[in-house]
Amino acid sequence: MAIEMDFWFTETVNDIVGNTIKVKERIFSGRSEYQEIEIVDTYHYGRTLILEGSVQLTEKDEFTYHEMISHIPLFTHPNPERVLVIGGGDGGTIREVMKHPTVIQAQLAEIDPLVIEKSKQFLPFVSCELENPRVEIIIQDGMQYVKHHKGIFDVVLIDSPDPVGPAVGLYQKEFFEDVHKALKDDGIMVGQSESPFFDQTIVRPLYTILKPLFPIRKMYLAPVPSYPSGLWSFVFCSKRYDPILHYRLEDFHRLNLKTRYYNEAIHQAAFALPNFIQELIA
Ligand code: AG3
């Protein structure tokens with residue numbers, strides 16, 4: 001394993017701005033059938049997973065993203081039993097989903113088995129629940145998987161990478177129509193929806209596509225310091241339940257979950273949007 005001391009990694013956005021992290025040690029570097037995979041140890045953020053040059057998670061701040069993509073929908077749906085996670089082979093989202101006792105089965109549809117393998121090997125803090133018997137790992141393109149499953153999921157979580165290369169389809173209308181059909185009549189879909197500061201050309205069309213599909217479509221926010229701009233967004237789409245009106249607050253308190261970011265006040269406050277973002281997704 002090659003060890004290079006003290007180099008700076010920069011993730012660039014649109015070739016004009018970036019996020020720079022000082023690397024302590026290269027842990028893994030390789031190319032799968034789908035992408036360039038890097039795992040590095042960094043001084044500030046600890047272990048970091050980088051796919052195609054873009055930071056997917058770091059040991060220090062992954063909790064904000066993974067807690068928020070999971071607990072907002074799972075504490076809104078009255079009885080989430082069947083959950084599908086698309087992408088997210090690192091296991092971070094599954095780890096949070098497994099904290100919910102109502103979940104009978106969570107399926108993980110990940111296209112790239114090497115991401116799962118290397119996360120299990122080097123990123124145990126996120127991959128720790130991938131062997132849970134309630135988890136079924138499906139090595140398949142999530143777009144194909146949802147196409148062939150109808151009306152069976154309570155919650156679908158889209159833990160997608162940026163819309164580049166094979167992931168472009170995860171931001172297109174056809175895919176969301178398939179997700180809509182894969183959900184039950186009262187299902188909820190949540191997806192990561194990029195940076196409202198840096199990715200406006202992605203955010204706007206995404207929210208436009210989703211508007212006619214789901215009666216309830218809202219954005220919520222969380223800080224992820226290691227992602228470009230540090231402010232990240234999620235899209236909450238629902239056929240029946242509203243994240244504020246149907247919030248299962250008592251269940252959250254009763255379960256006494258160990259969360260580091262998510263709590264009662266955050267569940268509600270995350271949906272408060274500044275004016276420029278309201279305009280962006282209007
Ligand atoms: N999913 C990718 C989030 C997008 C990050 N984008 C970026 N750094 N430009 C995260 C996977 C974690 N389970």
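Student: What makes the shell around the ligand five nonpolar, five polar and four charged residues?

Tutor: It's a sorting rule: Ala, Val, Leu, Ile, Met, Phe, Trp, Tyr, Cys and Pro count as nonpolar, Asp, Glu, Lys and Arg as charged, and the others, Gly among them, as polar. This is a predicted model, where local features need pLDDT of at least 70, side-chain atom pairs count only at pLDDT 80 or more, and totals for chains, interfaces and linings use all residues. Residues are numbered from 1 along each chain as its sequence is written, and side-chain values use heavy atoms, leaving out hydrogens and water.

Student: Which residues come nearest to the ligand?

Tutor: Of the 14 around the ligand (a heavy atom within 4 Å), they're Glu11, His66, Asp90, Asp159 and Asp162.

Student: Why is the pair with the side chain of His66 called a polar contact?

Tutor: A polar contact needs N or O atoms within 3.5 Å. A ligand nitrogen is 2.8 Å from an N or O atom in the His66 side chain, so the pair fits the definition. The side chain of Asp159 also has an N or O atom 2.8 Å from a ligand nitrogen; for Gln56, the distance is 3.3 Å.

Student: How do you know that the ligand lies between two domains?

Tutor: Domain 1 (3-58) and domain 2 (62-281), with bounds from an automatic or database assignment, both give residues to the shell, so the ligand lies between them.

Conventions
A polar contact is a pair of N or O atoms within 3.5 Å; within protein, one must be able to donate a hydrogen and the other to accept it, and residues adjacent in sequence count only if both atoms are side-chain atoms.
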